[in-house]
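Reader: I have a model on my screen and some labels that I'd like you to justify. Can you walk me through them?

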4 protein chains.
Amino acid sequence: MDYKLAVRDNHTADTIINIAGKAGITRIGKGYCTIIAGPCAVESREKYLEIALKVKNMGAHILRGGAFKPRTSPYSFAGLGVEGLKILEEARDITGLPVVTELMDIRDLEQVYRYSDIIQIGSRNMQNFSLLREMGRVDKPIMVKRGLSATIEEWLLAAEYVLCEGNKEVILCERGIRTFEVMTRNTVDIAAVALLKDLSHLPVIVDPSHATGQRNLVKPVAMAALAAGADGLMIEVHQNPEEALSDGPQSLTPDLFRQVVKEARDLAALNKQIFQ
Amino acid sequence: MDYKLAVRDNHTADTIINIAGKAGITRIGKGYCTIIAGPCAVESREKYLEIALKVKNMGAHILRGGAFKPRTSPYSFAGLGVEGLKILEEARDITGLPVVTELMDIRDLEQVYRYSDIIQIGSRNMQNFSLLREMGRVDKPIMVKRGLSATIEEWLLAAEYVLCEGNKEVILCERGIRTFEVMTRNTVDIAAVALLKDLSHLPVIVDPSHATGQRNLVKPVAMAALAAGADGLMIEVHQNPEEALSDGPQSLTPDLFRQVVKEARDLAALNKQIFQ
Amino acid sequence: MDYKLAVRDNHTADTIINIAGKAGITRIGKGYCTIIAGPCAVESREKYLEIALKVKNMGAHILRGGAFKPRTSPYSFAGLGVEGLKILEEARDITGLPVVTELMDIRDLEQVYRYSDIIQIGSRNMQNFSLLREMGRVDKPIMVKRGLSATIEEWLLAAEYVLCEGNKEVILCERGIRTFEVMTRNTVDIAAVALLKDLSHLPVIVDPSHATGQRNLVKPVAMAALAAGADGLMIEVHQNPEEALSDGPQSLTPDLFRQVVKEARDLAALNKQIFQ
Amino acid sequence: MDYKLAVRDNHTADTIINIAGKAGITRIGKGYCTIIAGPCAVESREKYLEIALKVKNMGAHILRGGAFKPRTSPYSFAGLGVEGLKILEEARDITGLPVVTELMDIRDLEQVYRYSDIIQIGSRNMQNFSLLREMGRVDKPIMVKRGLSATIEEWLLAAEYVLCEGNKEVILCERGIRTFEVMTRNTVDIAAVALLKDLSHLPVIVDPSHATGQRNLVKPVAMAALAAGADGLMIEVHQNPEEALSDGPQSLTPDLFRQVVKEARDLAALNKQIFQ
């Protein structure tokens with residue numbers, strides 16, 4: 001296969017990504033258990049700042065929140081755009097935590113770059129090769145989510161697109177693949193996590209929210225991810241999931257999130273991971 | 001579901017797309033059998049002009065050829081870029097046939113628009129929503145290829161992104177979906193063709209080359225597509241498939257293409273389609 | 001791969017199966033277009049004899065009807081059992097047509113053997129290896145339906161189980177595979193038909209009823225199957241599909257079946273197949 | 001859906017299965033972590049007794065070993081048959097541990113019943129409905145492995161076939177499903193484990209050996225299974241995997257198995273499961 005930089009062959013040391021924030025340095029990679037949390041989309045300034053503080057106080061290390069949202073239908077809520085980015089910046093200032101948000105359109109790069117600490121390339125853009133190449137020229141970490149039906153090989157080659165342009169800070173995020181099963185939104189490929197930690201030096205995190213689509217499955221799948229060797233989790237949390245503008249059924253309440261963090265902490269200890 | 005414009009509910013008449021070229025008007029849609037042919041990628045001026053004339057003389061109605069190629073690996077041949085577009089323009093002049101080529105990056109829109117008659121959105125960009133929206137503001141037909149694991153619903157909603165911005169000329173192209181089967185490159189979803197002709201007013205064509213990945217399967221799958229109700233075919237043809245820079249194993253030789261056209265003509269007659 | 005008998009390597013001539021019935025010999029294999037028709041299940045003597053005569057008069061060559069039905073739920077109608085077999089026998093006498101019916105349980109072999117001309121092994125038993133081996137010791141043709149997620153290789157090896165025990169009369173029946181698509185019941189793998197006609201000498205028929213699960217898709221998919229090279233079709237027909245005890249939504253009315261036969265006849269003529 | 005007995009609606013208490021053996025009672029179900037281990041197939045008396053004692057000494061609670069093996073090709077090693085069953089019995093006597101083995105053919109029921117403590121219905125027979133019904137009339141626990149592409153609903157209905165005939169002792173075993181991914185043998189559906197523990201009262205175990213097909217993935221996937229809530233594991237262990245007659249690449253060496261047991265013990269403690 002055509003990997004050069006994404007695999008261990010020429011890069012035996014694990015890639016550890018350091019993100020400097022007001023609250024200190026946050027690390028992602030082998031040996032650390034890193035929790036990314038927040039709502040699917042930034043819906044309003046008040047709501048976002050409230051949930052950002054909550055998840056911070058419960059133990060989250062990085063904030064998530066979409067300003068540009070990829071939606072299957074052109075008639076669905078597609079995010080607040082730049083206004084949403086500015087809210088993320090304010091949350092970053094207040095909490096001291098770094099933020100990750102999705103870039104969908106290369107024309108928004110300057111703005112997304114300015115307001116975020118990690119740039120997310122979503123599943124639907126995992127083979128948007130010109131976007132990937134551009135990410136290779138940016139000096140911020142890039143989180144590449146697995147495509148809806150991307151093979152592990154294709155996913156690593158998507159990372160390779162970024163790496164080969166010079167950006168060494170790529171994070172892989174498993175978020176479930178598309179199968180025939182209909183009782184869950186996607187099928188989380190837990191073996192891929194273990195396989196990638198073996199084959200690649202890159203950090204691997206798991207998004208149990210999109211992977212399952214069901215609130216009650218988020219905690220067990222999150223624990224499975226850590227037990228399989230994941231370096232962290234990305235979890236959707238909303239004050240009031242019933243009122244969420246997107247992904248309500250899979251969003252945790254703050255109380256459920258607190259339990260996930262507690263159990264993740266215990267499992268990280270068993271795994272000898274540092275829970276920052 | 002969230003369709004408004006892509007389905008028959010509010011648009012009972014079949015959409016027929018007329019493309020004016022030097023050789024007259026080429027039509028795509030219900031009642032016509034339209035053949036798009038050419039190599040996967042434009043590889044050189046000489047080779048492209050030669051094959052363009054050949055497929056024209058054998059009965060092709062539209063030329064295909066990639067100038068910007070989406071490649072799984074960053075190290076593969078990715079097309080000649082603008083130089084390739086200029087070769088397409090020359091072929092268009094010489095043959096009098098319209099051309100279709102893929103747009104991958106929104107920043108290339110002006111160039112691709114200038115040199116092509118139909119703009120193709122490839123499988124990997126079927127949910128590149130900002131690209132789709134931009135296509136809705138263009139006054140040329142857009143061919144939306146089905147995503148590698150896109151449901152029929154998602155595919156129609158991708159068309160809806162284009163339609164809802166004002167461009168009414170969308171062509172759907174089935175090119176096979178990803179399944180567990182490994183003896184073919186993809187699994188062509190023949191029932192989707194029939195279902196779409198029933199549900200939607202848009203033209204539907206089938207790409208048996210990408211769908212099967214095997215030269216010897218192109219003709220039978222092409223005939224199956226027409227028998228199922230497809231409005232046309234898009235077929236890869238190369239002077240010397242063994243030397244093709246991409247997709248050699250699925251490219252037809254000119255001789256095989258001639259046979260496909262002959263049988264397509266017979267089947268179109270049985271289906272009472274006009275073979276232009 | 002482990003094929004010896006199912007592929008052309010050692011058996012270049014196409015296998016043609018001859019089934020003697022009161023109305024003469026019915027042939028299945030290369031060069032013939034054979035139509036198998038009837039309801040999903042034998043529901044009652046009166047209804048079965050009525051529909052059997054209808055489909056015969058409309059051009060069917062072989063009757064189908066389930067006496068033992070594999071049902072996902074233990075609480076669904078599972079067929080009339082031996083009583084159903086006797087009704088099939090009566091229909092065979094009255095129409096002069098051969099019958100095909102499914103064997104699910106090896107303990108029913110004697111009865112199913114006695115009352116049927118072709119024994120069907122259903123999708124769910126495609127890897128019931130002891131049942132397959134037993135079919136190899138029977139002197140009647142065996143129709144092996146493709147498993148719900150069987151690869152082409154596994155399907156050919158299922159045929160090999162029958163062939164290697166000595167029974168040379170195996171018919172392959174494509175009935176759709178399981179994919180992520182939800183708008184059709186299964187995804188018919190049309191390229192598999194062409195690939196098998198190339199790779200194997202065995203007859204290949206297609207069941208567009210189970211493959212699509214939708215009445216309005218049966219005709220276009222049936223035509224696609226013949227265009228791709230299938231040697232015949234197996235189609236569910238019911239006097240009153242709304243009242244069918246199983247598979248109503250995909251069963252054709254007699255009027256729709258008549259149209260399928262008419263178009264199949266035209267396509268067979270184009271393909272130079274004998275429509276018996 | 002058509003569940004009555006497999007789900008919690010009418011059966012709120014978790015089903016705990018007690019298997020009496022010479023070494024005492026082994027329990028499977030909520031609150032217990034149960035390890036089933038042994039080679040894929042019983043290959044010879046000497047080798048089986050040796051590995052049986054090894055896995056027992058390392059902490060296994062139940063022995064596995066196939067006497068009747070379902071093989072994709074009719075030309076592969078298919079097990080020792082009744083001779084294999086007798087070796088299992090001897091291993092049971094020597095170790096005091098219960099044994100589980102697969103029943104493929106209803107005609108072998110008497111023998112398999114006689115020599116085993118748990119009867120396994122394999123993936124390929126998950127919808128062999130007459131076999132399932134017969135299992136409902138047996139007074140031993142039945143382990144129903146998930147079909148290669150069975151939905152969770154179909155799997156529960158397979159259990160329902162056993163339960164509705166009167167046998168209340170059904171164990172569900174997740175062993176991976178078929179997807180497009182080719183770097184692992186199957187894709188283990190870890191969310192299904194959590195979902196089933198929520199929806200059903202039946203014990204759920206995971207087979208990380210078949211699920212991954214790769215030795216180095218067995219431990220992380222086994223730990224993921226326990227973290228997701230599985231009640232146990234079924235693991236292939238072989239003295240010398242390179243020489244195994246089947247499933248060598250996924251079989252653990254005894255040393256690797258020892259590590260799995262050690263980590264499973266730690267994780268069971270964290271989960272407050274009894275490791276017997």
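Author: Sure, and let's start with a strand pair: β3 (residues 32-38) of chain C and β10(C) run parallel, joined by 5 bridges. This is a predicted model, where local features need pLDDT of at least 70, side-chain atom pairs count only at pLDDT 80 or more, and totals for chains, interfaces and linings use all residues. Residues are numbered from 1 along each chain as its sequence is written, while chains are lettered from A and ligands numbered from 1 in the order in which they are written.

Reader: What makes β3 of chain C and β10(C) a pair?

Author: Pairing takes at least two bridges found by DSSP between two strands, and here there are 5. Ala37(C), for one, sits opposite Ile235(C). Strand β9 (residues 204-206) of chain C also pairs with β10(C), in parallel over 2 bridges, and there Val206(C) has Leu233(C) as its bridge partner.

Reader: Why is β10 of chain C called largely enclosed?

Author: Buried means that 20 or more other C-beta atoms, placed from the backbone, lie within 10 Å of a residue's own. In β10 (residues 232-236) of chain C, 5 of the 5 residues are buried, so the rest of the structure largely encloses the strand. Gly232(C), Met234(C) and Glu236(C) point one way, Leu233(C) and Ile235(C) the other.

Reader: How do you know what kind of axis relates chain A to chain D?

Author: Superposed by least squares on C-alpha atoms of residues with pLDDT of at least 70 in both, chain A lands on chain D with an RMSD of 0.0 Å after a turn of 180 degrees and a shift of 0.0 Å along the axis. That is the relation of a two-fold axis.

Notes
Buried ≥ 20, exposed ≤ 12 C-beta atoms within 10 Å, placed from the backbone. Helix = DSSP H or I, 4+ residues; strand = E, 2+ residues; numbered from the N terminus.
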